[in-house]
Amino acid sequence: MNNKILFVCSANKQRSKTGEDYFSTLYPDWEFKSAGTNLKLCQTEGTNPLTEEMLIWADRIFVMENKHTQQIKNSTSNKYRNKIIVLAIEDKYSYYQKELIDILCDKINSYFHQI
């Protein structure tokens, strides 16, 4: 079974992009994507805006903050609530920062073994 994991943050520049890039090297047989909920920021930064197609595609959706869950619920009702896990990672890390990777690993590895 192919596992499809979607990481979501605001701009898809630091946290979610780190998750996608880092875990895709650890789990090469799985599929990873990342996206941002702030369409304007994504447009400015040239990153991936979150689409409903991505939400449909994903088996599991890791969001960085509660506000990302709320933004998904606001635009899609509660259709994807069973797929969403809030990691509670603040927007204070840079792309591929060691502390960010450590936190992602601590919070996510147990979920990978449950899937």
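## Fold, aromatic cluster and a buried histidine

Five helices and four strands make up the secondary structure of the chain. The model described here is a predicted one. Read from the N terminus, the elements follow the order β-α-β-α-α-β-α-β-α. The radius of gyration is 13 Å, close to the 13 Å that the globule rule gives for 115 residues, so the chain is as compact as a globular protein of that length. The C-alpha trace spans about 30 × 30 × 20 Å along its principal axes.

**Burial, contacts and charge**

Of the 115 residues in the chain, 45% count as buried. Contacts between residues at least 6 apart in sequence were also examined, and 66% of these join residues at least 24 apart. The chain exposes about 6300 Å², of which carbon and sulfur atoms supply 45%. Its charged side chains comprise 15 positive and 14 negative ones, and the centres of the two sets lie 6 Å apart.

**Aromatic pairs**

How many aromatic pairs does a search of the whole structure find? The search finds nine. Two of the stacked pairs are set out below.

| Pair | Distance between ring centres | Angle between planes |
|---|---|---|
| F7 and F23 | 5.8 Å | 15° |
| W30 and F32 | 6.4 Å | 20° |

The planes of F7 and F23 stand at 15°, under the 30 degrees that serves as the limit for stacking, so this pair is stacked. F7 belongs to strand β1 (residues 4-9), whereas F23 belongs to helix α1 (residues 15-26); the pair therefore ties together parts that are 16 residues apart in sequence. F7 and F23 are both buried. The pair formed by W30 and F32 is likewise stacked, and W30 and F32 are buried as well.

These four residues also take part in a wider arrangement: ring pairs link F7, Y22, F23, Y27, W30, F32, F62, Y95 and Y96 into a cluster.

**The surroundings of H68**

H68 is located in helix α4 (residues 66-76). Is H68 buried or exposed? Its relative accessible area is 0%, and buried means under 20%, so H68 is buried. Which residues does H68 touch, leaving aside those up to four places away in sequence? They are V8, C9, S10, R15, T37 and V63. Among them, V8 and C9 fall within the residue range of strand β1 (residues 4-9), the strand that also holds F7. R15 falls within the range of helix α1 (residues 15-26), the helix that holds F23.

Note on methods: Residues numbered from 1 in each chain as written. Predicted model: local features only at pLDDT ≥ 70, side-chain atom pairs only at ≥ 80, totals over all residues. Heavy atoms only, no water. Helix = DSSP H or I, 4+ residues; strand = E, 2+ residues; numbered from the N terminus. Rg over C-alpha atoms; globule rule 2.2 N^0.38 Å. Buried < 20%, exposed > 50% of the residue type's maximum accessible area, 1.4 Å probe, protein only. Contact = heavy atoms within 4.5 Å. Areas by Shrake-Rupley, 256 points an atom, 1.4 Å probe, with all protein chains shown as cover. Lys, Arg positive; Asp, Glu negative; His and termini not counted. Charge placed at Lys NZ, Arg CZ, Asp CG, Glu CD. Phe/Tyr/Trp six-rings, centres within 6.5 Å; stacked < 30°, edge-to-face > 60°.
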